[in-house]
Amino acid sequence: MKLLQGWILDLYPNKQGMTLWLIDRNQAHYRLTDTFTPTFYVSGSEESLARLQDAAQKQTTKLQAGLTERIDLWLNAPRQVLELSVLCPTDFVGWGRWVHRFDSRLQLYNSDLMVASLYCWEKRVFPLAFVEVEADEEGRIKAIDCRDSEWTLDYEMPPLKIMQIRLAGLSRIDPTHGRRAALEIEMDGTCWELDEAGEPPALGFAHLLKREDPDVILSEWGDSTILPLLRQQAERLKFSLNLNRDQAASVQQSRARSYTSYGRILFKASATTLSRAGVSPAVDQRLFTAH
């Protein structure tokens, strides 16, 4: 058994529970796992809940179901609900959709929340919190205790290694409008420029990523342009671009979309989400997001 102290650098679900990364004051990284079963709740008529409970209990290796009472915040009164515990946390969102398809009249609670948020609330921790962890030799967490407060104004920052990526030239010009430039990578005051004149930028970026091993990537147009293009080039060259420090986790790429808000049509570019132990999703100027 070992006692570790450090900041929560990244947090995301795996098939058995949660993966949690710590960084200590010496910039050492620790990959830990914790057992966790996220739960959501369903309300409806007694007959509907009985049918849903029967269907859920047939999913013996995937779900646990049982009736319980929770406080309805609108009515300030207890209400009987069906508690559904998802045994594989990475499938949490999918089981909420399954319930909706089973009976769209049922009302769901907590099914659309991030599993990382549910874990933080249950364990009383938060992103970038300084914690003390007791873990076994395999990195399985036996106890976790927060030594920090989310209300603190004067707090200690973790010793993060930050890499910045951008396209050369005017950053305010959207590269999807035709601008193509060399890729600039900066870290600790050193800047590298990668273009097609030398080795392919994806290959050069992969070498720098492996050698420098950053904790955080800050980017300009990284989500919608830089990272997708680098990944596409790596596929053409048939080599693996390891954007994640955790090789067991996949890179998530959301689609761009347009939507209407207050009479205006707005565009939201695609987002690239990394599981790189502190490399936050490579969105423009966002320091940290728990997965």
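**Exercise 1. The end of helix α3**

Determine which residue just after α3 takes a positive phi, and describe how the buried residues of α3 pack.

*Solution.* Step 1. In this predicted model, the residue just after α3 is Arg124, with a positive phi of about 60°.

Step 2. Helix α3 covers residues 115–123. Its buried residues are Val115, Ala116, Leu118, Tyr119 and Cys120.

Step 3. These buried residues pack against several elements: the strands β1 (2–13), β2 (17–23), β3, β4 (39–43) and β9 (141–146), together with helix α2 (92–102).

**Exercise 2. Phe126 in the loop after α3**

State where Phe126 lies, whether Phe126 is buried or exposed, and which residues Phe126 touches.

*Solution.* Step 1. Phe126 belongs to the loop that joins α3 to β8 (130–135).

Step 2. The relative accessibility of Phe126 is 18%. Buried means under 20%, so Phe126 counts as buried.

Step 3. Leaving aside residues up to four places away in sequence, Phe126 touches Ile8, Cys120, Cys146, Asp148, Ser149 and Glu150. Of these, Cys120 is also one of the buried residues of α3.

Step 4. For a distance check, take Ser254: from Phe126 the separation is 128 residues in sequence and 25 Å in space, C-alpha to C-alpha.

**Exercise 3. A salt bridge between distant parts of the chain**

Locate the two partners of the salt bridge between Asp34 and Lys123 and classify the exposure of each.

*Solution.* Step 1. The side chains of Asp34 and Lys123 form a salt bridge with an N to O distance of 3.7 Å.

Step 2. The pair links distant parts of the chain, as Asp34 sits in strand β3 (residues 29–35) and Lys123 in helix α3 (residues 115–123), 89 residues apart.

Step 3. Asp34 has 7% relative accessibility and therefore counts as buried. Lys123, at 25%, counts as partly exposed.

**Exercise 4. Further salt bridges**

Find how many salt bridges the structure holds, and identify the network that includes Asp136.

*Solution.* Step 1. The total is 18 salt bridges.

Step 2. A network of salt bridges links Asp136, Glu138, Arg140 and Lys142. Within this network, the side chains of Asp136 and Lys142 meet at 3.8 Å, N to O. Asp136 is buried at 8% relative accessibility.

Step 3. Another salt bridge joins Glu212 to Arg211, with the closest N and O atoms 3.0 Å apart. Arg211 has a relative accessible area of 56% and is therefore exposed.

**Exercise 5. Asp223 and its polar contact**

Identify the element that holds Asp223 and the backbone atom that its side chain reaches.

*Solution.* Step 1. Asp223 lies in helix α5 (residues 222–237).

Step 2. With a relative accessible area of 7%, Asp223 is buried.

Step 3. The side chain of Asp223 reaches the backbone nitrogen of Thr272 at 2.5 Å.

**Exercise 6. The chain as a whole**

Summarise the secondary structure, dimensions, contacts, surface and charges of the chain.

*Solution.* Step 1. The chain contains five helices and 17 strands. Its C-alpha atoms fill a box of roughly 70 × 55 × 40 Å along the principal axes.

Step 2. Among the 291 residues, 44% count as buried. Of the contacts with a separation of 6 or more, 58% come from residues 24 or more positions apart.

Step 3. The exposed area is about 16,700 Å², of which carbon and sulfur atoms supply 49%.

Step 4. The chain carries 34 positive and 39 negative charges, and the mean positions of the two sets are 6 Å apart.

Conventions
Residues are numbered from 1 along each chain as its sequence is written. This is a predicted model: local features need pLDDT of at least 70, side-chain atom pairs count only at pLDDT 80 or more; totals for chains, interfaces and linings use all residues. Side-chain values use heavy atoms; hydrogens and water are left out. Helices (H or I, at least four residues) and strands (E, at least two) are DSSP runs, numbered from the N terminus. Buried means under 20% relative accessible area, exposed over 50%, partly exposed in between (1.4 Å probe, protein chains only). A polar contact is a pair of N or O atoms within 3.5 Å; within protein, one must be able to donate a hydrogen and the other to accept it, and residues adjacent in sequence count only if both atoms are side-chain atoms. Contact means heavy atoms within 4.5 Å. Accessible areas come from the Shrake-Rupley method with a 1.4 Å probe; for residues, only the protein chains shown count as cover. Lys and Arg count as positive and Asp and Glu as negative; His and the chain ends are not counted. The place of a charge is taken as NZ of Lys, CZ of Arg, CG of Asp or CD of Glu. A salt bridge is a side-chain nitrogen of Lys or Arg within 4 Å of a carboxyl oxygen of Asp or Glu.
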